[in-house]
Amino acid sequence: MPATLPLYRAQDARAIDRRAIEGLGVPAFELMSRAGAAAWRLLRERWPQARRIGVACGPGNNGGDGYVLARLAHEGGCRVELVALQPPRTAEARQAAAEWQAAGGRTQVFEAGLPEVDLWVDALFGIGLTRAPEGAARELIEAINAAAVPVLALDTPSGVDADGGHVPGAAVRATSTLCFIAAKRGLHTGAALDHVGEVVLDPLALPPTAFEGTPPAARLLRPAALQRWLPRRARDSHKGRYGHVLCVGGDLGLGGAVRLCAEAALRAGAGLVSVATRTEHVAAILAARPEAMTRGIEDAGDFTPLLERASVLALGPGLGLGDWGWSLWTAALRSGKPAVLDADALNLLAGQQTWALPAGCVLTPHPGEAARLLDAAPGEIQRDRFAAAEALAAQYGAVVVLKGAGTVVAAPEEVPCVIAAGNPGMASGGMGDVLTGTIAALLAQGLSAFDAACAGALLHAAAGDAAAREGGERGLLPSDLFAPLRRLANPHD
């Protein structure tokens, strides 16, 4: 499995498909035949004991792929129950349906219930549906989900937006999804992750020339990609080579947030880490983590010497929205130092639409914070997480890490990246503070803002997965990430 994978929009996949047909001379029905055969191979590999196969076919070419699979399964000795939503409409789908019938297959028109089978194949819509299914389509999708058997979705689970990951209504919950030709970017973020299951790609034997002129719309980052950004350190290393992170936050009662941020920066390899916080929190932070040089700050005057010594700022964990937080926020951004902004630093920024951020800044909003920054509803953010991240990056001239299932990293003039790691156990208070410190540490070690954001988000998510494997997702604490964070930050050891 490659460390990175190019991802495409539905329109890009169609363009590649057209280039294969018109430029490379691959007949359209040949591509359909390859898709159906690829699906049959995967089905036999994943579920070798399945003997009763249900195939739900739509009227388009996705349905045509299903007819091909149904014929191959029938010829392979399986009992195949093919349920059609509507008669095939495209020439290729009609040919596939005719070959299915010529092989002795029988087509049922969906009316209400479904026959009992060992497995269902979803060949209803693929990338062809971008709105909520209605009428019989919705009923058929709900019936497949209610069947409580494995489901193989062809190209995209029906009802899932292949571009943005949005699920506007009923959608198939697949056990596996087989993408044809190109991996679809929307299947790796947002609500789609609850529907796609295992995602497998089959390029249908198309050569690289089929992809020329169609650049990826995003890139998927898997944990193995960390090796690219985190090389072994030189033997003559010293702390000054790896930057000085200043963590700013921890208003009264919120000292734990900045303490988590500071330890994350240390565990991710920053050479030096300082903390600017309320005086009341200094003793507790020093007792818990004496390696973090912690100072009590009551006004911007106390803050200036710390700013001058820092190379990167981690701004926002527990900062608060009062006068104390505002004064530190203002001084920090006026220093011109690159900064990672999270939590209250983002809420303060949302009220200052004209504020120009220093070069090299990274914003790390969750969907609610992103909505405030864009003056939009949270639902709009989740409808297209790529568009939201790119809009924020353009508005603020910064790198944006849009947190959540399938975290998206975007920046001006960069191809967005999606993090293929993380789990629901990380939905707990304090995880964002750990992410802020992690990204700040990598920024301090010399990575560009975009690379630090990609590597930091990936490292953080992979550490969360490692911690969850040890004790489960529910009850996972941000501090549980520190041990795996350190281990994963050394991928060559």
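How many bridges join strand β11 to strand β14, and do the two run parallel or antiparallel? I looked this up at the start and found 4 bridges between β11 (residues 244-248) and β14 (residues 312-315), which run parallel. I took helices (H or I, at least four residues) and strands (E, at least two) as DSSP runs, numbered from the N terminus, and I let two strands pair if DSSP finds at least two bridges between them.

I note for the record that this is a predicted model, in which local features need pLDDT of at least 70 and side-chain atom pairs count only at pLDDT 80 or more, while totals for chains, interfaces and linings use all residues. Residues are numbered from 1 along each chain as its sequence is written, and side-chain values use heavy atoms, with hydrogens and water left out.

Entry on the mixed sheet. Staying with β11, I saw that valine 248 stands opposite leucine 315 in β14. I then traced the open sheet of 12 strands, whose order is β8-β1-β10-β19-β18-β17-β16-β15-β14-β11-β12-β13 and whose pairing is mixed. Its edge strands are β8 (183-184) and β13 (293-296), each of which pairs on one side only.

Entry on the helices across it. I found helix α9 (residues 300-309) lying across β11, β12 (272-277), β13 and β14, at about 150 degrees to β11; contact here means heavy atoms within 4.5 Å. Helix α15 (residues 431-444) lies across β11, β14, β15 (339-341), β16 (362-363) and β17 (399-402), and runs at about 170 degrees to β14. Axes are lines fitted to C-alpha atoms, for helices over the stretch in contact, and angles run from 0 to 180 degrees between N-to-C directions.

Entry on the parallel sheet. I followed an open sheet of 7 strands in the order β4-β3-β2-β5-β6-β7-β9, with parallel pairing. The edge strands β4 (107-109) and β9 (198-202) each pair on one side only, and neighbouring strands of this sheet are turned by 20 degrees against each other on average, direction ignored. Within it I checked β2 (residues 52-57) and β3 (residues 79-84), which run parallel and are joined by 6 bridges; alanine 56 stands opposite valine 83 in β3.

Entry on a helix pair. I looked at α12 (residues 367-374) and α14 (residues 385-396), whose axes come within 11 Å and cross at roughly 50 degrees. The two are therefore oblique to each other, given that angles under 35 degrees count as roughly parallel, over 145 as roughly antiparallel, 65 to 115 as roughly perpendicular and the rest as oblique. The contact residues include Pro367 and Leu373 of α12 and Arg385 and Tyr396 of α14.
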